[in-house]
Amino acid sequence: MRLARRSFLAAAAALAACKGRDAGAQSRGPAPPLKSLAPWPVGCAVMTSELADPAYAQLLSRHFSQLTPEWEMKMEYILKDDGTFRFDRPDAIAAFARQHGMRLYATTLIWYAQNPPAFQKLGGTGQGFADAYRNYILAVAGRYRGQAAGWDTVNEAVAEDGEGLRDCIWSRNLGQDDYMVRAFEHAQEADPGAVLFINDYNLESLPRKRATFMRLVERLLKRGAPLKGIGTQTHIDAKLQPGALTTAIRELAGFGLPIHVSELDVSLNRAAGLLTDRIDLEARQARLYGEAAEAFAALPERQRFAFTIWGLRDKDSWLRGEKENPSPPWDTPLLFDDLGNPKTTFWAVADAWRGRK
Ligand code: G3I
């Protein structure tokens, strides 16, 4: 059965490809700059290798007003095994943002997924580990002081299934919740002007995870952590139920803090279990982009921090390079096709925001 469904989808994909996908988008005429439709920052995840491509840089700066380094401002790039730092590539992204009048949003200071050898060597050293932790955050957040509008200070602290929090090198050495309170305090010390976010994913598709996340936010706020923003990554797939996005954004906004839709993309491949064809998948995908755009736009102005898409063109998507479950070339999760043409997904966002500025 699965084989039949998969070959059915593959055939539909091939058919759509030869018919010229996204015919609907082609009939819409020239695309207005997306950022011109929104009174809030419209962000995109980037990496230095992409910025070096003039066509990429031109499309990016036409439509977006904020950048997030996709991975080169993270510990995996900055912190070398010997404990020294390298900043060439994050500095280059910060410089590109400055040169193009774009806001910089930074990710991420502390993330369970980053387990660098330099910290592994310090595991169990108590104050030594704590000092290195503070030094890393002061050095990195301090370097972009006055440049980064905000930081994903703590990333993905909630367990995958939403039951409790992740065990990681940070919680093992500094304590659960405590490592997060420290991260926010050190980041505020380094850059008092940056909006400090906690960021996580599947908050729309897994209500149990959203509930755990919200209880964590409550605890951190009660402890006085300078947590000033909530990031909902919004990596979703086309089978997400209509309304789930709106419910999640509304609930998360209940804290009254700025909201960052921080990593939006809508995978078709991950919805491939649906018995449907590509046209229906693309229609579901566009509706979800429109719902995300509408739900964000409906927030009070003070809570509309930024709306960020996790990549520029479909071929730039992380999903294509995903180790566990790489997307095939027919998975087109973003707003622009491989040639940089706006897709139906682009128009879904543009139509949701038209008239708001
Ligand atoms: O570009 C280098 C290449 O030169 C080198 O040969 C290769 C092997 O070492 O690495 C390449 O860099 C990789 C980079 O993606 C570009 O493909 C890094 O190793 C790899 O770690 C990096 O993965 C990023 C991942 O976070 C881990 O930082 C993805 O681009 C990025 O999309 C992904 O983003 C995360 C968010 O931070 C948090 N939410 C989930 C999201 C998707 O996983």
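What follows is a chat about how a few labels in this predicted model are justified.

Colleague: How do you know that the length of helix H6 agrees with what it should span?

Modeller: H6 covers residues 88-99, twelve in total, and at 1.5 Å a residue these should span 16 Å. The end C-alpha atoms are 16 Å apart, so the two agree.

Colleague: Which residues of H6 are buried, and what do they pack against?

Modeller: The buried ones are Pro90, Ile93, Ala94, Ala95, Phe96 and Ala97. Their packing partners include strand S1 (42-46), helix H4 (54-63) and strand S3 (103-111). After H6 comes glycine 101, with a positive phi near 60°.

Colleague: What makes glutamate 72 and arginine 89 a salt bridge?

Modeller: The cut-off is a side-chain nitrogen within 4 Å of a carboxyl oxygen. Here the N to O distance is 3.0 Å, so the pair qualifies. Glutamate 72 sits in the loop between S2 and H5 and arginine 89 in helix H6, so the bridge ties together parts 17 residues apart in sequence.

Colleague: Why is glutamate 72 called buried, and what is arginine 89 called?

Modeller: Buried means under 20% relative accessible area. Glutamate 72 has 1%, so it is buried. Arginine 89 has 32%, which lies between 20% and 50%, so it counts as partly exposed.

Colleague: How many salt bridges does the structure hold?

Modeller: There are 18. One of the networks to look at links Arg28, Asp351 and Arg354.

Colleague: What separates arginine 278 and glutamate 282 along helix H13?

Modeller: They are four residues apart in H13 (residues 278-297), which means about one helical turn between them. Their side chains meet in a salt bridge at 2.8 Å, N to O, and both residues are buried.

Colleague: Where do lysine 343 and aspartate 314 sit?

Modeller: Their side chains meet in a salt bridge, 2.9 Å from N to O. Both are in the loop between strand S9 (304-309) and helix H14 (344-353), and the pair links distant parts of the chain, 29 residues apart. Lysine 343 and aspartate 314 are both buried.

Colleague: Why is H11 called roughly parallel to H12?

Modeller: The axes of H11 (residues 207-222) and H12 come within 11 Å and cross at roughly 10°. Angles under 35 degrees count as roughly parallel, so the label fits.

Colleague: Which residues meet in that contact between H11 and H12?

Modeller: Arg210, Phe213 and Met214 from H11 meet Thr247, Ala248, Glu251 and Leu252 from H12. The contact residues divide into four nonpolar, one polar and two charged.

Colleague: Why is threonine 247 called partly exposed?

Modeller: Its relative accessible area is 37%, between the 20% and 50% cut-offs, so partly exposed is the right label. Threonine 247 lies in helix H12 (residues 244-252).

Colleague: What is notable in the backbone at threonine 107 and threonine 108?

Modeller: A cis peptide bond joins them, with omega about -15°. Threonine 108 belongs to strand S3.

Colleague: Why are glutamate 156 and threonine 234 called buried?

Modeller: Glutamate 156 has 6% relative accessibility, which is under 20%, so it counts as buried. Threonine 234 has 1%, so the same cut-off makes it buried. Both are residues other than glycine with a positive phi: near 55° for glutamate 156 and near 70° for threonine 234. Glutamate 156 lies in the loop between strand S4 (148-155) and helix H9 (169-174), and threonine 234 in the loop between strand S6 (229-232) and strand S7 (235-237).

Technical notes:
Residues numbered from 1 in each chain as written. Predicted model: local features only at pLDDT ≥ 70, side-chain atom pairs only at ≥ 80, totals over all residues. Heavy atoms only, no water. Helix = DSSP H or I, 4+ residues; strand = E, 2+ residues; numbered from the N terminus. Expected span 1.5 Å × (residues − 1). Buried < 20%, exposed > 50% of the residue type's maximum accessible area, 1.4 Å probe, protein only. Contact = heavy atoms within 4.5 Å. Axes fitted to C-alpha atoms, helices over the stretch in contact; angles between N-to-C directions. Parallel < 35°, antiparallel > 145°, perpendicular 65-115°, else oblique. Nonpolar A, V, L, I, M, F, W, Y, C, P; charged D, E, K, R; others polar.
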